[in-house]
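Work through the exercises below with the model open. Try each task before reading its solution.

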Amino acid sequence: MIKSIKRITAAVLFVSITVSSMFFMTSCKKKGTSSKKRIVVFNYGDYIDQTLLDKFEKETGIKVVYEEFLTPEAMYTKYKNGAVDYDLICCSDYMIDKMIKEKEVKKIDYGRMKYIKNIGKKYWNLSKSFDRTQEYTVPYYWGTVGILYNTKMMDYVPDSWDALFDKNYKNNIIMQNSVRDSFIPALVRHGYSINTTDKNELKTALDDLKMQKSIVQSYLVDEIRDDMANNQAAMGLIYSGEASIAQDYNENLEYVVPKEGSNIWMDSWVMPKSGKNYDGAIKFLDFLCREDVAMTNFEYIYYSTPNEAVLNQIDDEEKAERNAIFPSDDVIKRCKIFSYLGKDAEEYYNNLWKELKVY
């Protein structure tokens, strides 16, 4: 049985690593350190086993300057600020879609990657929705968005998005503090696409979220897993990987992807056009795809991995027990990947989110 590991909160890690990496980059400039001796990596908070950074440095002699962000939007703002030349960025599908369309990324030479073959074909197919020519990304982890619920606090299985709008659970519902994620249940329960730009459909969804707000306990991100593990709510809108971690600490928690459908997300690596060490970035990507490295990383993160060399080592019993990170084909079929909807739609979504927050 593979065990997930209790992880440090992303906020604390973000501060410590950002400060240390800024110090390192400053010292590099002062000492004239060659960009070929280091790579600069930008990733979600607590989204890699830190021991692997040391391992890569020892194997290659290439220093990893590592920074973290909390949301795709925060990443994009920092990247576009241009203060740091990132060699690699890991982010979510719709933001990568945006960066590819804006020509902000370089093509990846897969021919130079010995272990890229470990990434399964089905995950490359999922990536086609945002990397249409299959030239710019390397899949990292993937999963679904669903409902994590406490069987001791619920009277039924919340297998419909309607459950998150059930007034009988007032102050026992946690939603995502994320515009696209929180719009999922409000859109899908009406049969609308999670990628809709139809203003009438979005207003209908907003009305639902306004109605729901009076029964929502809080809007959180990573903290959802902790609150659910500590019996602070009956159910929460959550990413599948976070749900699995919470289940390790509370045997009464179950995860379900509602029958109407949901989002299937893919986090991938890209090479920003401003990066200075292409060779080093290629080596790091190949390193992450290597079987032993990918297994160590999987055991730490415990999200759904696209690395089939790792998947082949996990027995069927564990896969059956962990439906959150090993969803059935039926679940996958009724889920859709987020697309980047364009600047106007992005602004419209954000304005609706602001309207909800002040409602």
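**Exercise 1. Two helices at an angle**

Task: At what angle do helix α10 and helix α11 pack, and which residues meet?

Solution. The model is predicted. Start with the two axes. Helix α10 covers residues 278-289 and helix α11 covers residues 291-301. Their axes lie 5 Å apart, at an angle of about 70°. Next, classify the angle. Values from 65 to 115 degrees count as roughly perpendicular. The helices α10 and α11 are therefore roughly perpendicular to each other. Now list the contact. From α10 come F287, L288 and C289. From α11 come E291, V293 and A294. Finally, sort by class. The contact of α10 with α11 has five nonpolar residues, one charged and no polar ones.

**Exercise 2. A second helix pair**

Task: How do the axes of α3 and α4 cross, and which residues make the contact?

Solution. Take the geometry first. Helix α3 spans residues 72-81, and helix α4 spans residues 93-101. Their axes come within 9 Å and cross at roughly 30°. Angles under 35 degrees count as roughly parallel, so α3 is roughly parallel to α4. The crossing of α3 past α4 is right-handed. Then read off the residues. α3 supplies P72, E73, M75, Y76 and Y79. α4 supplies Y94, M95, K98 and M99. By class, this contact of α3 with α4 holds seven nonpolar and two charged residues, with no polar ones.

**Exercise 3. The largest pocket**

Task: What is the volume of the largest pocket, and which residues are closest to its centre?

Solution. The volume is about 640 Å³. The lining counts 32 residues. Closest to the centre are Y44, L70, P72, D181 and Y239. Next, find the contributing elements. Two or more lining residues come from each of α3, α4, α6 (179-188), β10 (262-272) and α15 (343-357). Sort the lining by class: 14 nonpolar, eight polar and 10 charged. P72 links this exercise to the previous one: P72 is also part of the α3 contact with α4.

**Exercise 4. A loop residue**

Task: Where is N252, and which residues does N252 touch?

Solution. Locate N252 first. This residue sits in the loop between α9 (240-249) and β9 (253-256). Leave out residues up to four places away in sequence; N252 then touches Y149, N150, T151 and K152. For a longer distance, take F42, 210 residues from N252 along the chain. The C-alpha atoms of N252 and F42 are 35 Å apart.

How values were computed
Residues numbered from 1 in each chain as written. Predicted model: local features only at pLDDT ≥ 70, side-chain atom pairs only at ≥ 80, totals over all residues. Heavy atoms only, no water. Axes fitted to C-alpha atoms, helices over the stretch in contact; angles between N-to-C directions. Helix = DSSP H or I, 4+ residues; strand = E, 2+ residues; numbered from the N terminus. Parallel < 35°, antiparallel > 145°, perpendicular 65-115°, else oblique. Left-handed = near helix turned anticlockwise from the far one by under 90°. Contact = heavy atoms within 4.5 Å. Nonpolar A, V, L, I, M, F, W, Y, C, P; charged D, E, K, R; others polar. 1 Å grid on protein atoms, 1.4 Å probe; cavity = no way out; pocket = protein on both sides within 12 Å on 5 of 7 lines; lining within 4 Å. Points joined across faces, edges and corners; volume = space filled by probe spheres on them.
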